[in-house]
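Dear colleague,

I am passing on the structure we spoke about, with the sequence alongside. Below it you will find my notes on what turned up when I went through the coordinates.

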Amino acid sequence: MNNIFFSPDLVSADPDPYVVVHMLPHSHCDVGWQETPEEYYTTKVKYILDTVVEECVANPEYRFIWVEVWFLQQWWADSTELQREQFRGLVRSRQIELVLGGIVMSDDASVYYADDIDQLTEGHTWLKENVVHDQTELLPKSAWHIDPFGESSWNPTFYYDMCFDVFGLNRISKNLKELYMDNQEMEFIWRGLSSKSSKSGRERKPSVLGHILPHHYSSPPGFDWEYSLSHNPPITPENIDTRANVLYEYLQGVATSFQDNVLLQTMGNDFHFQHASWQYGNMSLLIQYINTHQEKYNMTIQFSTLREYFADLYYRELEFPVSSENFDFFPYNSALGDDYWTGYFTSWPFLKRLIRYSSNILRTADFFWSLSGLQLDNEQNSQDFENILWLRREMGVAQHHDTITGTSPQVNIQRAHEQLLHGQSLVKDSLNHIITNMQHATNIDYGFNIDTLVSEIANKKQGAVVVLNNLAWEREEWIKISFENYTALSFDLGDITVKLYNGDELDTSKYTYINKELFIYVEIPQLGYQTYLIELNSNGNDNDNDNGNNHENMNESEKQNVEVKEEELKEFNIKIGDLDEIKKLNLPNVQGNILTLENQYYKLTFDLATGKSSTLTSLELDLEIAFEQDWYTYIGDLHDNAYVFQTCCNATMLADKVKTFKYYTSESHLVQEVRIMVDDFVSQTIRLYENVPEIEVEMIVGPILPPMELISRYNVGLETDGYIYTDSYGAQLFEKYKWPRKEYVSSQYRPLTSYAILRDSDQNLQMNFIHDFARGAGAYGPGSIEFMHLRADIEETRHWLFDTTITNQKIWITLDTLDKQEAKRARNNIIHQRAPLVMFSKSAGSTMQNPSFTGLQDSFPDLVHLLTLKKISKDNPKSHIRFMNVISPETENEVVNVPSDINLSKYLQGNVWTQELSEVTLSGIQSKSQCILRDWKRSDTPQPHPDTENRLKISESDVNPIDHDYELLPGEIRTFEIQTEKK
């Protein structure tokens, strides 16, 4: 067996009685922070890689680790072939170790799990194709998350599936780090969520060895020769003894925090080793001096890598303390007191929203490229795939822990915004070509701009709409096409008919409109598309530019006298608090001062004395509970910034009653909504759809007056005992989190990637809140939860929170029993994160052979998510395909928490697939059967030390047939390579 972890020369020959120090040269290179990635590369990173390679080639004892692939890609393009081959040689000789290996070092709070998998896959794939080739033992094996502001409980599972078994971390709360240091628990078994099949007996117990850096990721104080030389004097014959004594005392002190006499000490900092000879040269003098004066120093020091340090540690046969399952390091507190880094969960929400939307566009393009069977055999196809690769890379950059977090100056926020919009534009052009090719359409061109549809309807009386579904589940849902940016339309939405492209008219119960918004109940096949025609009836008035707006200039009494068509929706402008005027409206769903929205599943009431929600009734459960939502503001104090949420005071309610309140409905109640303006910077629409078991809340927030945090707070009739739940990466639940945890408001906040939950175990009830992108969620009290929507500070210099943007945000709310909510929570979350994309035709009436398409013979099982289907790279004919059991292992209900099976032969169709699958690790860079993990000894269950031959293998086989039942344990993701060239 090829032993990828251990060789005798990696272990110190005589570990006793010395403290053995592994000095780890490194440079933490943010892919965008105070400067843009491009500026960092040209002014700093290029020189780091140039000089490190030069020094390591000349000095075989030197070591270095490299993390960020984005920078390595830039250097690779700029460097000479000699430099590239030198770098490869240093990796082969293990002087340079590739660590983590993603495009960036990502954030842990705001990143959606699929996007983190993608950016690591892109980085690992590039490393394999350009640096290590077939020597997969040189690929990254260690996670290195030294700068994200807290760590997610999903990391042990995530990196275990990447075939990593160690995880370096740094930013955990100060009091917790001090406790671990005192107890010598800086290295521990960090457990993910285990699961076991009741059918096959197969079991997963993911874990990694966590290693916490004791004093940040810097060099020992006074020994960093790229900072002030007055504080870090160069080593000379005159001062070497004094300086060696200082270094020795420091390292001996650090070693007391660890349970054995082996120590990992970082050497570097942000963008260090631009002058590698200074760093290596000075430290080499100290290492040589200490190592040759063993009569004085009870220590040996060597330049090292993570691979070498953990090999040394492993063969010392230590027993490590074990964390509980689902253990996380949020919130991060960098100092004692009210210094909780919970603000970045929300900072710059418009960017967080843009990243999530870009993710959905990219996923759609990747899936439909793979399904189309297109080959890179012409210029157009090659350009389309290049466009997809371009957005893949920029989406990777966007996951960086100073980008998606909003913890950068505005210039870097703007850079991310512009790059993502440009990438969207490129990929949308590619989708146009991909879909027209799949439709076999002639003289048709698609775009995503609503102007296209308006022009087609106005000029040609009809427009085509293609709705794309990038999920492996058939979808039936309402989509909204908004014309609200138009002050006047040349047609009335009441004169619209919606048809399938083949001419079949939709039943009038499948489409309607409110004011200037057209709603269509679409039915889209799994992993496919459906084409609709929107036609202007022959009796429509082409020249009436006031149609769609002619009611707006009427008073309320005039509106009641307007004769409307059966499906025309009515608008009622309700004067909040004026019960006499409300009574005159004679609305059937108003009793006294209570207005009710109702569909088949819920009744939601509003108190018209205030304009605020009052109660929620589940018609299926025949249960009514309090359901009150209010908007509040916190006032930030002097330490409030893009990272830290710190407030001087308790939250203040925005208003006792709302400013404006409009109610819309139709005769058939297909869509009912209340539009509320709470304040000049907060408005929201609360909506119920026919046959949809959820409440949709759509908000427009901003700009706000700094310094301010804007929140919405829900107080509901559930006995939660102050507990809330939020998600980790959108993939699993965090442990429940109870209020009050600390005396500070900011300490109550948790990262919410995509959903939060309130549970009432006594009543067997659960309320789910699915969000369209990441933000902060706070526990406030029993039956209460609050969400932070927008933050702004006074000036740009206050850590980059001068946010004057306006952001659209959505929440979907459901109430049901615990088991039913858990059965549908994860699936519903995915459906909302992966909304259908709508494309508008620029030439309706032309011909197409395939107005409808599906890439699968049947819809996937409800609990099996097709997470990935995408071509690996331009030069690789294969695609990655990933499946996920969407039920989290922590789900306690035994009916829900069961494995699922998937047999691809029952679903894949067409002539683009071969009949074999190769199972690979999560990032797809090596066969799963080649993944061998160290079995670290645990203090709770001591066991004989395994020899090399008995290390943990994740899988026994490489190649399997498509016609096979693949088991997915709860929460499990399995990744395969599949050939996609036409046969």
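R827 lies over the face of W473, at 4.4 Å from the ring centre, and a second arginine, R713, is placed over the face of Y632, at 4.2 Å from the ring centre. Please keep in mind while reading these distances that the model is predicted.

Aromatic rings also meet one another in this structure, where a search of the whole model finds 61 aromatic pairs. One of them is formed by W190 and F329, whose rings are arranged edge-to-face, with 5.4 Å centre to centre and 75° between the planes. This pair links distant parts of the chain, since W190 belongs to strand β6 (residues 187-191), while F329 sits in the loop between α9 (306-314) and α10 (349-372), 139 residues apart from its partner. W190 counts as buried because its relative accessibility is 0%, which falls under the 20% cut-off, and F329, at 3% relative accessibility, therefore counts as buried too.

As for the protein chain overall, it has 16 helices and 51 strands, and of its 983 residues 64% count as buried. Among contacts between residues at least 6 apart in sequence, 76% join residues at least 24 apart. The accessible surface of the protein chain comes to about 35,000 Å², and 46% of that area belongs to carbon and sulfur atoms.

With best wishes

Technical notes
Residues are numbered from 1 along each chain as its sequence is written. This is a predicted model: local features need pLDDT of at least 70, side-chain atom pairs count only at pLDDT 80 or more; totals for chains, interfaces and linings use all residues. Side-chain values use heavy atoms; hydrogens and water are left out. Helices (H or I, at least four residues) and strands (E, at least two) are DSSP runs, numbered from the N terminus. Buried means under 20% relative accessible area, exposed over 50%, partly exposed in between (1.4 Å probe, protein chains only). Contact means heavy atoms within 4.5 Å. Accessible areas come from the Shrake-Rupley method with a 1.4 Å probe; for residues, only the protein chains shown count as cover. Rings of Phe, Tyr and Trp (its six-membered ring) pair if their centres lie within 6.5 Å; planes under 30 degrees apart count as stacked, over 60 as edge-to-face and the rest as tilted. A charge sits over a ring if NZ of Lys or CZ of Arg is within 6 Å of the ring centre and within 35 degrees of the ring normal.
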